[in-house]
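User: Please take a close look at one part of this model, its salt bridges. Then connect that part to the other local features in one continuous account.

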Amino acid sequence: MAVTDLAAQSGTNSPYSQFGLGVLADQTSGFNRGMNGLGLGFREHNQVNYLNPASYSALDSLTFIFDAGVSGQITNFEENGQKKNANNADLEYVVAGFRAFRHLGMSFGIIPFTTIGYNYSISSFVGNSLTTTATNTYSGNGGVHQVFYGVGWEPLRGLSIGANISYLWGDYQRSLVNAYSDSYANTLSKYYTGNVRSYKLDVGVQYTAKLSKKNSLTLGATYSPGHKIGCDPECQVISTNTEEGVSDTTKFVLADALSIPDMYAVGLTFNHNNQWKVGVDYSLQKWASVQFPVFNVVNEVPQYALQDVLKDRHKITVGGEYCRDENGRSFLKRMRYRAGFSYATPYVTVNGVDGPKEVSASFGFGIPIVNSYNNRSILNISGQWVRSSAPGLIKENIFRINIGLTFNERWFAKWKVD
């Protein structure tokens with residue numbers, strides 16, 4: 001058995017996106033990506049940190065922040081000594097933030113939740129035949145998007161709370177088409193579809209303790225409750241007698257069958273004089289508590305039913321940022337240098353075994369934009385390497401370039417007349 005063809009799709013080109021709700025998005029902005037997604041304990045006055053809505057209370061009172069990011073990636077797939085490459089690019093996020101009142105910040109934007117995109121074929125000889133081949137073609141596209149509005153408030157000095165309320169929407173189409181090189185036997189093709197319309201709530205908290213005049217420690221945490229996401233997944237099975245050219249179609253529908261799980265995250269960030277910021281984040285997504293529909297034939301009876309095929313996902317990230325002087329006159333002093341490393345367990349299973357574990361690392365820069373019109377904006381550029389692997393499964397190596405522009409405009413300053 002061998003993969004004979006593989007094509008890229010927008011957003012992702014991973015064959016693992018055919019499982020569950022697809023590949024889970026990092027949901028990070030340009031400055032987080034330089035640290036490989038670190039940010040639960042970061043309180044930035046000039047960046048929108050939607051990883052933790054409590055951070056909005058730290059936004060600068062004089063500016064309106066607009067941030068957009070794109071990415072491009074090269075993915076290398078390896079299986080049984082064979083290697084193939086695929087390329088793709090995508091608009092990752094568009095967000096904005098501002099301070100509405102004293103100690104109260106707001107943000108809104110659109111970000112991905114999951115992505116699906118794959119197209120590949122597997123061919124093998126039928127029985128002892130060396131002339132007749134069976135080909136299974138797997139393809140899928142779609143995903144779930146998230147548009148959010150959030151508020152962060154600092155009711156007490158050092159303590160902030162916040163929440164994002166989001167609308168989830170999107171659809172997916174997946175198919176497995178079976179074909180033979182000649183008229184041989186019945187073929188069985190399956191087509192899966194789903195349409196998501198729901199909400200998502202994220203609540204967050206941050207507490208900053210002053211350790212000394214120059215040092216502080218911020219603890220951040222978030223929680224998102226699990227619930228049904230308003231989707232009636234369908235499976236259409238087409239059985240075709242290739243010799244007689246006769247097809248039979250069976251349709252299965254499961255009412256309100258898809259869910260998202262409870263999600264928890266906690267992070268700790270150490271800040272030295274706004275020069276060194278280093279931290280660690282941990283997240284847990286309880287996917288094992290929800291089921292996903294699977295088609296099977298049991299005792300020659302086709303079934304489309306919810307099964308326990310998902311796993312709890314754990315992820316840990318360490319990283320940091322260095323900036324010599326963010327308010328300095330020198331361009332080099334205002335440069336930001338970032339790096340991070342992550343390890344994550346899979347949330348899907350593949351043919352009854354655990355999916356691939358993920359190891360990733362990134363390095364990035366925050367480049368100040370300085371001109372006569374604006375000296376507060378930042379160009380965030382980072383490179384990221386991601387390796388997904390598991391015994392007996394396809395190995396993925398991804399090299400990704402992330403580019404984000406944080407446009408920081410002084411909107412709310414009061415004019416003075418001399």
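Analyst: Helices and strands are here DSSP runs numbered from the N terminus, with helices being H or I runs of at least four residues and strands being E runs of at least two. In that scheme, Asn351 belongs to the loop between strand 20 (349–350) and strand 21 (353–354).

The model is predicted, so local features need pLDDT of at least 70 and side-chain atom pairs count only at pLDDT 80 or more, while totals for chains, interfaces and linings use all residues. Residues are numbered from 1 along each chain as its sequence is written, and side-chain values use heavy atoms, with hydrogens and water left out.

A salt bridge is taken as a side-chain nitrogen of Lys or Arg within 4 Å of a carboxyl oxygen of Asp or Glu. This rule yields 10 salt bridges. Glu321, Glu326, Arg336 and Arg338 are joined in a network of them. Within that network, Glu321 pairs with Arg336 at a closest N to O distance of 3.2 Å. Glu321 belongs to strand 18 and Arg336 to strand 19, so this pair ties together parts 15 residues apart in sequence. Arg336 also meets the side chain of Glu326, at 2.8 Å from N to O. Because Glu326 sits in the loop between strand 18 and helix 2 (331–334) while Arg336 is in strand 19, this second pair ties together parts 10 residues apart in sequence.

Accessibility adds to this picture: buried means under 20% relative accessible area, exposed over 50%, and partly exposed in between (1.4 Å probe, protein chains only). Glu321 is buried at 2%, Arg336 is buried at 5%, and Glu326 is buried at 17%.

A further salt bridge joins the side chains of Arg33 and Glu92, at 3.2 Å from N to O. Here distant parts of the chain are linked, with Arg33 in helix 1 (residues 30–33) and Glu92 in strand 4, 59 residues apart. Both partners are buried, Arg33 at 9% relative accessibility and Glu92 at 13%.

Glu92 leads to the pairing of its strand, where two strands count as paired if DSSP finds at least two bridges between them. Strand 4 (residues 82–101) runs antiparallel to strand 3 (residues 63–79), and 16 bridges join the two. Across this pairing, Ile74 faces Asn87 of strand 4. The two strands form a hairpin with 2 residues between them, and Asn80 in the turn has a positive phi of about 50°.

Positive phi recurs elsewhere. Asn274, which is not a glycine, has a phi of about 55°; this residue lies in the loop between strand 14 and strand 15 and is partly exposed at 41% relative accessibility. Asn351, in the loop introduced at the start, has a positive phi near 55° and counts as exposed at 76%.

Strands 18 and 19, which hold Glu321 and Arg336, also contribute to a surface feature. Patches are built from residues with over 30% relative accessible area and no salt bridge, joining like charges within 9 Å and nonpolar side chains (Val, Leu, Ile, Met, Phe, Trp, Tyr) within 5 Å; the areas come from the Shrake-Rupley method with a 1.4 Å probe, and for residues only the protein chains shown count as cover. Leu219, Val266, Leu268, Val280, Tyr282, Ile316, Val318, Phe341 and Tyr343 make a nonpolar surface patch of about 700 Å². Two or more of these residues come from each of strand 14 (263–272), strand 15 (276–285), strand 18 (313–323) and strand 19 (336–344). Tyr282, placed in strand 15, is partly exposed with a relative accessible area of 33%.

Beyond strand 15, Lys286 lies in the loop leading to strand 16 (292–298) and is partly exposed at 30%. Taking contact as heavy atoms within 4.5 Å, and leaving aside residues up to four places away in sequence, Lys286 touches Pro261, Asp262, Tyr264 and Asp312.

With a disulfide defined as a pair of cysteine sulfur atoms within 2.5 Å, the structure holds 0 disulfides. For Cys231, the nearest cysteine sulfur is that of Cys235, 13 Å away, and Cys231 is in no disulfide. Cys235 is likewise in no disulfide. Both cysteines are buried, Cys231 at 0% relative accessibility and Cys235 at 0%.
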